[in-house]
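Colleague: I am new to this structure and would like to begin with one part rather than the whole. Please pick a single helix, describe it closely, and then work outwards from it to the surrounding features.

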Amino acid sequence: MNVDWLLTHSPALLIAIPLLAAFLTPVIDRINKKARDAFVIIVLIIAEIIMIALAWDVFTGSAHIYTMGASNPTATIPSQAAVPIRIVLEVDGMGAFMGLISTTVSLAAGFYSLAFVKKETGQGRYYTLLLLMLVGMLGMEFTGDIFNLFVFLEVLSMASAALIAYRFYYGDAVEGAFKYCVVSSLGALMVLFAIGLLYGQYDLLNMAALAKVIEYTTLDKIALVLLIAAFAMKCGAVPMHMWTPDSYTVAPAPITAMLVAASQASLYALFRICFSLYGLTLDVTTVGIIIIALGLLSMFVGVTMALPQKDIKRLMSYHAVSQTGYMLLGVGVGLYLLGKSDFDTYGMAAMEGGIFHIINHALYKGLLFLTAGAIFYKVKTRNLNEMGGLAHSMKFTTIFFMIGALAIAGIPPFNGFASKLLIYESAYHVSPILSIIAMLVSIITLASFVKVFHSAFMGPPMENAEAGEVPKSMIIGMAILTVGIILFGLFPGWVVSNIVHPAAQALAAQAGYIGSVAGGA
Amino acid sequence: MLETTGGYWSPIVWIVAFIVAFLMAYIMWGMGEKKHAKGEQEKPFLSGQDEPSKEAVHVRAGNIYWGFTETLSGYYDFMKKIHTGIINDYVLWFLGMAAIFFLAIVLPGVIM
């Protein structure tokens, strides 16, 4: 096995390895618990290493295409057919970018879980579902086939719902999972219906082949409406966000961090549908304005609803909604300007800002949810009114929280500032109001996290709290994300040039997406 | 260094500027009054009253930003009203938004 072989097969391996490991985990769990933990962590590390290698190859070279079951995996169209008929994985800059987020957050969540769920029963099932979540995310991000997008969306949703309800002895965990199940099923049904509409017209499921022939008929528009509504709801856009605080709050903290990455996979699907499937055939002005409006609503409603919350995870969940708004705003501005003369300057910068914000958000929001979990681990409550003085005993958690809070509020030199700056400047070009609202939301975000910091970490020490810091594996989980925040904050130029720009370019260049699978736009 | 549409952003320059500003502030602070003996400033004068315990004066989360939420009570009352926590309403919001998207994206093409 050499590096070329590994890189060629890496799109399939990245799905197959966690999938096989997921079903091996309960078997190993029966034999030895420590071996199970080690096995899961090794699988997550392997996935991370392969993903970094694949991503680097994609960022410095070209998209990776993988045809499942073909003797030559790079040959997408069989000799006896005119269009791709097998399942094709297409990992371009955007897919690789999203894959990096998924594997990194999963690795951090895996380490963190070792101690966090140590006292729970059914850990074999927990890790099986955690790996299936990773499979679902990577599948959604890599697939070039719209029906498989639905399949992986379902894999992700079912694994997520089961993990939200993992601590079923809390009644609200089951309630949160039920709500997640209902909205996910509804969204998935809409996606399936949209796929049916497209397949009925074009006899195609491959997205590149579909993009080549799509005409933006009335049925295509109805399919687009269903896809936008479903994925906007799944990524938590206001006013379809209400399931988000209900589910994020009650899930175990490492799973909440993964749910953030899972929501971003839906956000990715929304962008992929708009840019790569429909592209310039759609009315970019109308759809761009819709996405910008969803972004503004999400930013403002999310942050104002976060401010009065007393449950630390519920507060952070509303912030997740708010931050999704920035991504929608950035990429929405890009879509609005697509095909216009300003796209190469302002449109591309807005997309880079929105896409950069995706990875930044995954890192700092993931970290913040892990710190909330660390607090819950020690004080057994999520109620901020019952906390105080934790900085006395939880020094590492305090530092991690401060870094995460400053990053989400867009305080320099952390990573949130760089992506927000790109969004502010480019959105200003479309309308100054967009930038003003975005900046106002950042200020309220800071105010909100000042409240959390004051309530949980400042003041006299709590009398009934378990003394000391959380176990090392939880600190490692938080440290992985913290290192990412600091590096991305210190070297934003390098990150944007080498990681974000290739992702934005891959999304904007529909012809490249079509050409690599279906041979020319 | 990150090139933006309106200029650039360099975290390293920012950190250097922050360190310089911090050092200047620290030097100025060091040049301040030094006559007080250690411990002399610890007890504030509160009109002759004893200082309350730290536990008694720690502002809890529920009271922080009370003025903000009270000023925007109309907005928050509306927000509370629509955040019912009932799944039927979540589904209605989803369907309502799908209908709005339909009106914005599909209807203009059908009419014209």
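Modeller: What follows starts with one helix of chain A and then moves outwards.

A word on conventions comes first: residues are numbered from 1 along each chain as its sequence is written, while chains are lettered from A and ligands numbered from 1 in the order in which they are written. The model is a predicted one, in which local features need pLDDT of at least 70 and side-chain atom pairs count only at pLDDT 80 or more, although totals for chains, interfaces and linings use all residues, and side-chain values use heavy atoms, with hydrogens and water left out.

The helix I have chosen is α8(A), where helices are DSSP runs of H or I with at least four residues, strands are runs of E with at least two, and both are numbered from the N terminus. Its 17 residues should span 24 Å at 1.5 Å a residue, and its end C-alpha atoms are indeed 24 Å apart, so expectation and model agree; the expected span is 1.5 Å times one less than the number of residues. Of these 17 residues, 14 are buried, so α8(A) is largely enclosed by the rest of the structure. Here buried means under 20% relative accessible area, exposed means over 50%, and partly exposed lies in between, with a 1.4 Å probe and protein chains only. L227(A) belongs to this helix, and its relative accessibility of 1% is why it counts as buried. L227(A) is 254 residues from L481(A) in sequence and 32 Å from it in space, C-alpha to C-alpha.

Just beyond the helix, the backbone has two features to look at. G236(A) follows α8(A) and has a positive phi, near 85°. In the loop between α8 and α9 (243-250) of chain A lies P239(A), which is joined to V238(A) by a cis peptide bond with omega of about 5°. A cis bond also joins P412(A) and P413(A), with omega of about 10°, and P413(A) sits in the loop between α14 (395-408) and α15 (415-430) of chain A. As a rule, most residues other than glycine have a negative phi, and most peptide bonds are trans.

Next come the aromatic rings, some of which lead back to α8(A). The structure holds 25 aromatic pairs over all chains. One is formed by W56(A) and W494(A), which are stacked at 6.1 Å centre to centre with 10° between the planes. This pair links distant parts of the chain, since W56(A) is in helix α2 (residues 33-60) of chain A and W494(A) is in helix α18 (residues 492-508) of chain A, 438 residues apart. W56(A) is partly exposed at 42% relative accessible area, and W494(A) is partly exposed at 47%. In Y216(A) and Y278(A), the ring centres are 6.1 Å apart and the planes stand at 80°, so this pair is edge-to-face. It too links distant parts of the chain: Y216(A) lies in the loop between α7 (207-213) and α8 (218-234) of chain A, and Y278(A) lies in helix α10 (residues 253-278) of chain A, 62 residues apart. Both Y216(A) and Y278(A) are buried. For these assignments, rings of Phe, Tyr and Trp (its six-membered ring) pair if their centres lie within 6.5 Å, and planes under 30 degrees apart count as stacked, over 60 as edge-to-face and the rest as tilted. Ring pairs also join F168(A), Y169(A), Y170(A) and F376(A) into a cluster.

Some rings have a charge over them, which requires NZ of Lys or CZ of Arg within 6 Å of the ring centre and within 35 degrees of the ring normal. K340(A) lies over the face of Y336(A), 4.5 Å from the ring centre, and the charged end of K380(A) sits over the ring of Y377(A), 5.2 Å from its centre. K380(A) is in the loop between α13 (343-379) and α14 of chain A and has a positive phi, near 60°, in a residue other than glycine. With a relative accessible area of 51%, K380(A) is exposed.
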